[in-house]
Amino acid sequence: MNIPSKISIAEAELQLLGQRAFEALGLPSENARDVVQVLLLADLFGLSTHGLGRIESYGERLDVAGIAKTPRITTERVGPGLVKVDGDNGIGPLVGMHGLRAAMEVARECGIGAAFVRGSNHFGPVSPYSYLAAEQGFASMIGSNATTTIAPWGGSDARLGNSPLGFGVPGADGEHFMLDMAMSVVARAKIRNALKAGQSIPDTWATDSAGRATTDPKAALDGFLLPIGGHKGYGLALLVDLFAGLLSDAAYLTHVKSWVDAPDEPQNLGHFFVLIDTRRLGSAAWLAARMADFAAILHGSAPAQEGKPVIVPGEIELRNMARQRADGIEMDNATLALLRQRAGL
């Protein structure tokens, strides 16, 4: 008898399970709620690699005090529209939510606001933050630095991270524009899948340990990811680290600790949140009409491949969310088992 690897679970049930699991790990109820909100949105969007399954890596680090269970997160207003947030080594999505709320507060007051965050950890994908900002009328630019997995352009060892960068703009009827991208051509998971399948990979995905392009997935896993757009992606990855790490007074480049190699040590990751209150630019109806026209222009392009129409960034995630809210969220049995174990069920 074949046991399905995935099961559908109602959003409310999964939210409660995640809440109990993170509280059992030592997080206060309010902090656990922030963490679950971000990770649950990731699962709703179909980003399961960055959803509640992250309780495995987050939990391991909480167990060994690599992440603080009850951090004292502080916010300092350093300019009319500028805030610094110190996460005190808190769990990433919690610190990220503090940064997002701080940026929202000053953007409401000034029209535009920025929060620079230090003392954090892996904060999940960018799109949940972009979505939450867009729901309240904010356009956003959000980024984080990360553990080193990419070599400098022309270099032969890892010196910079696969740092995510995202943008969001409120759309008509909740159809928000959300672009969420890391700086590598592909994720390491795709290379691991190719190795398991005994397949080669394109030589544009990664290099071997000497920095040479390779089609061998094993050599690629021992080497480095290649940035999108060659030297242009390298420059963009550096820019994200300058904003998220250097300007935030967090760790940057090789100063970022690897949570795999040193799970009991603070990473001191940094994030940045730049928000624009679109209501200062025009009415909600004005923006909705322009965003609807923007999407219509793109959708009006005949598809180059039959059955694959043009999409606007964010559409796939929002469709996944609508479907899974109606039919249940698809979760791996292993992830659900781990959540129940952590929750003491």
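1. A residue is called partly exposed when its relative accessible area is neither under 20%, which is buried, nor over 50%, which is exposed. R342, at 23%, is therefore partly exposed. Keep that scale in mind as you read on, and remember that this is a predicted model.

2. Let's stay with R342 for a moment. Its partner in a salt bridge is D63, and the closest N and O atoms of the two are 2.8 Å apart. R342 belongs to helix α11 (residues 333–343) and D63 to helix α3 (residues 55–63), so this pair links distant parts of the chain, 279 residues apart. D63 is partly exposed too, with a relative accessible area of 47%.

3. How many salt bridges does the structure hold? There are 13. As a general idea to carry with you, side chains of opposite charge can pair when their charged atoms come close.

4. Another pair to look up is D34 with R101, whose side chains meet in a salt bridge at 2.7 Å, N to O. D34 sits in helix α2 (residues 29–44) and R101 in helix α4 (residues 92–110), so the bridge ties together parts that are 67 residues apart in sequence. Are these two side chains buried or exposed? D34 is buried, at a relative accessible area of 8%, while R101 is partly exposed, at 36%.

5. Now turn to the two helices that carry this pair. In general, two packed helices are described by the angle between their axes and the distance between the axes. Here the axes of α2 and α4 come within 8 Å and cross at roughly 90°. That crossing makes α2 roughly perpendicular to α4.

6. Which residues make the contact between these helices? From α2 come N31, D34, V35, Q37, V38 and L39, and from α4 come P93, L94, M97, H98 and R101. Sorted by class, the contact has six nonpolar, three polar and two charged residues. You will recognise D34 and R101 in the list, the partners in the salt bridge described above.

7. A last pair to find is R118 with D249. Their side chains meet in a salt bridge at 3.8 Å, N to O. R118 is in strand β4 (residues 112–120), and D249 is in the loop between α8 (231–246) and β12 (269–277), so distant parts of the chain, 131 residues apart, are linked. Both count as partly exposed: R118 at 24% relative accessibility and D249 at 48%. Try adding D86 to your view as well, since D86, R118 and D249 are linked in a network of salt bridges.

Conventions
Residues are numbered from 1 along each chain as its sequence is written. This is a predicted model: local features need pLDDT of at least 70, side-chain atom pairs count only at pLDDT 80 or more; totals for chains, interfaces and linings use all residues. Side-chain values use heavy atoms; hydrogens and water are left out. A salt bridge is a side-chain nitrogen of Lys or Arg within 4 Å of a carboxyl oxygen of Asp or Glu. Helices (H or I, at least four residues) and strands (E, at least two) are DSSP runs, numbered from the N terminus. Buried means under 20% relative accessible area, exposed over 50%, partly exposed in between (1.4 Å probe, protein chains only). Axes are lines fitted to C-alpha atoms, for helices over the stretch in contact, and angles run from 0 to 180 degrees between N-to-C directions. Angles under 35 degrees count as roughly parallel, over 145 as roughly antiparallel, 65 to 115 as roughly perpendicular and the rest as oblique. Contact means heavy atoms within 4.5 Å. Ala, Val, Leu, Ile, Met, Phe, Trp, Tyr, Cys and Pro count as nonpolar, Asp, Glu, Lys and Arg as charged, and the others, Gly among them, as polar.
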